[in-house]
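Here is a colleague's note to read beside the model, written for someone meeting a structure of this kind early in their studies. Please keep the picture open and look up each residue as it is named.

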Protein chains: 4
Amino acid sequence: MPSDYTIKLRSPVKAETNGHLSEKHEAILAAALDLFAERTYDGTPMPLVAERAGVGAGTIYRYFRSKEALVNAVYRRCMEHQRRLLLEDVPVEATAREQFRHWWRGMCQFATENPQGFVFLETHHHESYRDAESQELLDQVRAGAHTLVENAQARGEVRQATPDVLISLVFGAFTGLVKWTMEGDCGLTEETISDAEERVWQMLRP
Amino acid sequence: MPSDYTIKLRSPVKAETNGHLSEKHEAILAAALDLFAERTYDGTPMPLVAERAGVGAGTIYRYFRSKEALVNAVYRRCMEHQRRLLLEDVPVEATAREQFRHWWRGMCQFATENPQGFVFLETHHHESYRDAESQELLDQVRAGAHTLVENAQARGEVRQATPDVLISLVFGAFTGLVKWTMEGDCGLTEETISDAEERVWQMLRP
Amino acid sequence: MPSDYTIKLRSPVKAETNGHLSEKHEAILAAALDLFAERTYDGTPMPLVAERAGVGAGTIYRYFRSKEALVNAVYRRCMEHQRRLLLEDVPVEATAREQFRHWWRGMCQFATENPQGFVFLETHHHESYRDAESQELLDQVRAGAHTLVENAQARGEVRQATPDVLISLVFGAFTGLVKWTMEGDCGLTEETISDAEERVWQMLRP
Amino acid sequence: MPSDYTIKLRSPVKAETNGHLSEKHEAILAAALDLFAERTYDGTPMPLVAERAGVGAGTIYRYFRSKEALVNAVYRRCMEHQRRLLLEDVPVEATAREQFRHWWRGMCQFATENPQGFVFLETHHHESYRDAESQELLDQVRAGAHTLVENAQARGEVRQATPDVLISLVFGAFTGLVKWTMEGDCGLTEETISDAEERVWQMLRP
DNA sequence: TATGAATGAGCGTTCATTCAT
DNA sequence: AATGAATGAACGCTCATTCAT
């Protein structure tokens with residue numbers, strides 16, 4: 001029997017004050033991201049999220065309708081972070097090489113600032129719970145990359161090849177690199193980053 | 001509490017007849033692979049594995065000691081398949097370009113013959129249940145690639161760069177490509193494969 | 001849906017040859033007694049009984065309709081053993097003291113020859129699965145004791161007191177003694193037996 | 001696999017308010033005692049304990065880590081009750097006969113106030129799940145009886161015989177009596193009690 | 001006749017979610 | 001608004017029993 005009084009879910013917008021979320025909301029998202037990246041969505045009990053966030057188990061449900069809503073919020077927030085780094089301040093007038101560098105550095109910054117976010121997106125890529133808004137964010141990033149590649153190809157600065165193929169190779173190569181550095185204890189050194197950048201660029205250049 | 005009487009687990013070797021496993025053993029492994037790839041290890045209930053395999057829930061435990069033993073068997077079998085395709089018949093005397101082609105074609109064959117296996121390995125790479133034998137298989141593949149790259153570098157046929165970085169970029173790029181083709185409905189066409197092969201080789205060549 | 005062909009259950013009588021049961025029947029009963037005494041009826045899986053008896057799991061069901069039928073057979077056999085030792089060769093013409101000695105020695109013989117049987121009866125006394133035939137055996141032993149006590153009281157050789165009270169005190173005392181010796185590593189020495197016999201007699205004598 | 005987050009188990013001490021446990025804690029212990037006495041530890045499913053206690057199945061695990069922890073709590077509580085009745089207010093300066101009476105009356109009180117507890121201890125005496133604290137309680141009672149007997153023997157008020165033998169005979173006799181009264185519908189009447197007390201004393205007196 | 005692979009109901013236990021406080 | 005005790009469906013797994021061989 002559904003309850004017949006209205007449960008007032010704190011909407012994310014309402015909870016914001018001057019653009020940032022309430023402390024608890026924030027703590028829950030951070031705890032969930034950590035744990036989902038570490039042990040998988042299905043492998044993470046909600047009470048553990050609550051414990052890590054330092055809130056009561058019931059409190060999570062004041063901010064998120066369900067576990068699935070929580071993981072989607074985590075997903076969105078990671079994608080949003082990534083999107084911001086990749087799509088903002090794109091040097092539209094620059095050469096393809098410079099645009100690629102912008103993309104590459106943006107990805108590095110994301111993986112460095114938010115390693116759990118990186119792992120989370122990687123391992124939860126295919127999940128069925130990704131909702132419309134999450135999908136939209138992903139599409140934006142892809143569309144941005146697509147346009148960049150097409151324009152560069154039109155200018156003859158990037159190899160002729162299906163843009164999506166090139167994009168997936170480049171994203172994949174970057175992902176492979178980060179996963180490798182994460183397995184070892186060495187971090188992502190500047191040298192590794194710029195060497196790899198040059199290697200990956202070789203896939204794109206004409 | 002584990003059962004007190006001896007459960008005669010069909011060992012893979014014993015259960016074989018002329019080199020292939022009993023029908024049920026096979027069906028369980030196949031069902032588990034499908035489901036783990038589709039919905040994650042933690043997201044897959046054993047009863048669902050049983051149903052998909054067309055056996056009773058209890059039957060799985062005549063073949064696998066536990067869920068963890070099952071996922072390891074799946075892991076091993078996938079890695080073994082991959083290892084066979086990558087490490088057998090390596091053209092040791094050939095040029096680096098030809099060796100790379102062998103590797104690339106092997107990976108394509110693996111991803112085509114066993115797409116769930118590919119996804120499973122991808123998404124369960126970091127899991128804690130990977131036992132010693134599974135790890136060994138992974139190490140073999142990595143060591144094989146490492147040697148190939150080093151030798152080719154010594155001959156001046158591959159760029160000077162940390163071999164592991166190159167390997168992770170190449171594996172990553174391939175993975176990115178396959179994941180992209182899997183998301184769309186188009187399969188891995190011969191054209192895509194050979195175009196991408198050439199692109200990825202550009203990362204390696206001097 | 002019940003099977004519509006007759007399952008021919010080997011009746012205990014049919015299975016006998018010259019008064020003793022088939023080897024398998026025997027092995028199953030012995031294994032069950034051991035295990036039920038050691039780990040309780042409910043704590044003993046049928047497959048473990050089968051393993052201990054050296055027969056297939058299905059074989060037990062050719063001799064016993066169910067686990068409950070098996071435990072009843074075990075119960076009956078133990079009670080029958082006890083009954084034989086207590087009720088046969090009772091020195092009806094002897095003094096109460098000598099009759100008591102006969103009873104005491106019979107109990108000692110039972111506990112010594114068949115310690116698992118003793119423990120089994122002790123720990124499974126109150127169980128609901130005791131069927132009519134089992135109950136009958138128990139009643140016989142009690143009735144025998146009852147008569148003995150009443151007659152002895154009539155002759156003034158045993159204290160006036162509710163016979164059943166005396167009987168339960170005596171049985172209980174014996175049981176307490178045997179359980180104590182079983183807990184320690186010392187067996188039931190002749191000295192302990194005869195000292196205790198004298199002590200217990202003191203409860204009965206006028 | 002035990003849960004990864006901290007389950008705040010209500011410790012017996014914490015859960016107490018003015019010396020008695022929370023209502024649910026109490027209800028679970030009582031239900032478990034009843035059922036274990038009636039149908040054995042192994043024969044009692046946890047869901048049945050929950051139902052009898054009037055709580056949800058999961059609720060038990062907020063109070064007890066596992067079924068084994070529950071049975072130990074039941075065991076301890078029964079032993080503690082018995083210990084209190086037997087070891088407190090022992091008339092140390094009195095005659096052996098009066099000390100025996102104190103013990104006898106204590107046992108009667110225990111069996112009357114807590115008949116399920118009596119049966120439970122009887123039938124679960126030898127079980128492997130008895131933990132250190134449970135064992136300690138049992139040892140205290142035994143040691144108390146031992147000392148009493150030895151001192152009385154030294155004063156010539158109790159027969160010379162191995163104290164443990166006497167103790168096991170006396171405990172056993174009492175147990176036999178109670179089991180008998182429980183099988184019939186008659187309770188433990190004052191007459192039966194005092195008659196039996198006198199009979200049992202005859203085993204001890206010089 | 002004897003087997004043991006197979007089954008599924010039911011076990012002990014966990015955890016997403018609710019709701020009285 | 002926040003809590004955490006309480007819940008019961010569902011988990012991983014066991015085992016009494018069946019039945020094809």
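The points below take up the two protein interfaces and then the surface around one DNA strand.

1. Please keep in mind throughout that this is a predicted model, and that the values quoted here are computed from it.

2. I would begin with the pair formed by chain C and chain D, where the contact takes 33 residues from chain C and 33 residues from chain D. The size of an interface is often given as the accessible area lost when the parts come together. For chain C and chain D this buried area is about 2,700 Å², and carbon and sulfur atoms give 58% of it. On the chain C side, the residues that lose the most area to chain D are C:L169, C:W180 and C:R199, which together make up 23% of what that side buries.

3. Charged and polar pairs also cross this interface, since the rule finds four salt bridges between chain C and chain D, along with six residue pairs in polar contact, both residues being at pLDDT 80 or more. A salt bridge to look up joins the side chains of C:K179 and D:E122, with 2.9 Å from N to O.

4. Which helices of chain C each supply at least two residues of the side that touches chain D? They are α2 (23-39), α7 (115-123), α9 (163-183) and α10 (190-204), and α9(C) gives the most, with 12 residues. By residue type, the side of chain C that touches chain D divides into 11 nonpolar, 10 polar and 12 charged residues.

5. Chain C can be superposed on chain D by a rotation of 178° with 0.1 Å of shift along its axis, leaving an RMSD of 0.3 Å. The two copies are therefore related as by a two-fold rotation axis. The same surface serves both copies, for 100% of the contact residues of chain C recur in chain D.

6. Chain B and chain A should be read in turn, and here a rotation of 178° with 0.0 Å of shift along its axis superposes chain B on chain A, with an RMSD of 0.3 Å. Because 100% of the interface residues of chain B are also interface residues in chain A, these copies meet through the same surface. The area buried between chain B and chain A is about 2,700 Å², and B:L169, B:W180 and B:R199 are the residues of chain B that lose the most area to chain A. The count between chain B and chain A is four salt bridges, and the side chains of A:K179 and B:E122 meet in a salt bridge of 2.9 Å, N to O.

7. Turning to DNA strand F, there are 37 residues around the strand, of which A:T59, C:M46, D:T59, D:R62 and D:Y63 come nearest. Of the atoms of DNA strand F that come within 4 Å of the protein, sugar and phosphate account for 71%. The residues of this surface divide into 17 nonpolar, 13 polar and seven charged.

8. What lies 3.0 Å from a backbone N or O atom of C:K67? The partner is a phosphate oxygen of DNA strand F, and another phosphate contact involves D:Y63, where an N or O atom in the side chain is 2.4 Å from a phosphate oxygen of the strand. A base is reached as well, in that a polar backbone atom of D:G58 is 3.4 Å from a base nitrogen of DNA strand F.

Methods. Residues are numbered from 1 along each chain as its sequence is written. Chains are lettered from A and ligands numbered from 1 in the order in which they are written. This is a predicted model: local features need pLDDT of at least 70, side-chain atom pairs count only at pLDDT 80 or more; totals for chains, interfaces and linings use all residues. Side-chain values use heavy atoms; hydrogens and water are left out. Contact means heavy atoms within 4.5 Å. Buried area is the accessible area (1.4 Å probe) that two parts lose on being put together, summed over both. A polar contact is a pair of N or O atoms within 3.5 Å; within protein, one must be able to donate a hydrogen and the other to accept it, and residues adjacent in sequence count only if both atoms are side-chain atoms. Helices (H or I, at least four residues) and strands (E, at least two) are DSSP runs, numbered from the N terminus. Ala, Val, Leu, Ile, Met, Phe, Trp, Tyr, Cys and Pro count as nonpolar, Asp, Glu, Lys and Arg as charged, and the others, Gly among them, as polar. Copies are superposed by least squares on the C-alpha atoms of residues with pLDDT of at least 70 in both. A residue is near a molecule or strand if one of its heavy atoms lies within 4 Å of it.
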